[in-house]
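This report describes how the secondary structure elements of one protein chain are arranged and how they pack together. The account starts from a single pair of residues and widens from there.

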Amino acid sequence: MNIENTKAQMRKGILEFCILSLLKEKDYYTSEILEELKGAKLLVVEGTVYPLLNRLKNGEFLSYRWEESNAGPPRKYYKLTEKGGVFLEELALTWQELSEAVKQITEKTKS
């Protein structure tokens with residue numbers, strides 16, 4: 001079994017939650033989202049993030065607007081919708097329950 005593949009799958013499983021969490025605080029364009037994720041060592045590539053943003057937009061969890069840029073073409077800024085905020089709250093609760101369960105199991109195996 002390849003550890004890098006397993007680690008990548010674990011990161012992909014939480015990307016939705018992380019992206020929605022970022023957008024809770026402010027609007028971002030894709031390059032900023034990628035920078036934040038990479039800064040948190042989630043090591044994602046554009047080919048992963050763009051389809052995910054599109055799915056979230058199609059699910060009405062995100063909206064976007066175009067904004068002119070001084071450094072090139074216009075930028076698409078993503079914003080969390082009301083529906084996305086509710087979804088984020090549900091994911092946060094699920095994450096809390098899941099992380100508690102994993103902690104319980106992994107700490108039990110240490111003793």
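In this predicted model, Arg65 has Tyr77 of strand 3 as its bridge partner. That pair belongs to the sheet, in which strand 2 and strand 3 run antiparallel and are joined by seven bridges, and the two strands form a hairpin with two residues between them. Strand 3, residues 72-80, also pairs with strand 1 in the antiparallel sense, here over two bridges, and Tyr28 stands opposite Tyr78 in strand 3. Taken together, three strands make up an open sheet with the order 1-3-2 and antiparallel pairing, and its edges are strand 1 and strand 2, each of which pairs on one side only.

The two pairings of strand 3 can be set side by side.

| Strand pair | Sense | Bridges |
|---|---|---|
| Strand 1 and strand 3 | antiparallel | two |
| Strand 2 and strand 3 | antiparallel | seven |

Beside the sheet, the packing of the helices deserves attention. Helix 1 and helix 3 pack with their axes 11 Å apart and at an angle of about 70 degrees; because angles from 65 to 115 degrees count as roughly perpendicular, the two helices are therefore described as roughly perpendicular to each other. On the side of helix 1 the contact is made by Leu15, Glu16, Ile19 and Leu20, while helix 3 contributes Thr48, Val49, Leu52, Leu53 and Leu56.

Two residues of that contact, Ile19 and Val49, reappear in the largest nonpolar core, which holds 21 residues and in which Ile19, Ile33, Leu37, Val49 and Leu62 touch the most other members. At least two residues of this core come from each of helix 1 (3-25), helix 2 (30-39), helix 3 (46-58) and strand 3, and helix 1 gives the most, with six residues.

Which residues does Leu62 touch, not counting those up to four places away in sequence? Leu62 touches Leu20, Leu23, Leu53, Leu56, Lys57, Tyr78, Lys79, Leu80 and Thr81. Leu20, Leu53 and Leu56 among these also take part in the contact between helix 1 and helix 3, and Tyr78 is the residue that stands opposite Tyr28.

As for annotation, an unreviewed UniProt entry lists residues 19-89 as "domain: Transcription regulator PadR N-terminal". In the model, that span is 54% helix and 27% strand, and its end C-alpha atoms lie 13 Å apart.

Terms used. Residues numbered from 1 in each chain as written. Predicted model: local features only at pLDDT ≥ 70, side-chain atom pairs only at ≥ 80, totals over all residues. Heavy atoms only, no water. Pairing = 2+ DSSP bridges. Helix = DSSP H or I, 4+ residues; strand = E, 2+ residues; numbered from the N terminus. Core = buried A, V, L, I, M, F, W, Y, C linked by side-chain atoms within 4.5 Å. Buried < 20%, exposed > 50% of the residue type's maximum accessible area, 1.4 Å probe, protein only. Contact = heavy atoms within 4.5 Å. UniProt positions renumbered as here; feature names shortened; annotations may be inferred. Axes fitted to C-alpha atoms, helices over the stretch in contact; angles between N-to-C directions. Parallel < 35°, antiparallel > 145°, perpendicular 65-115°, else oblique.
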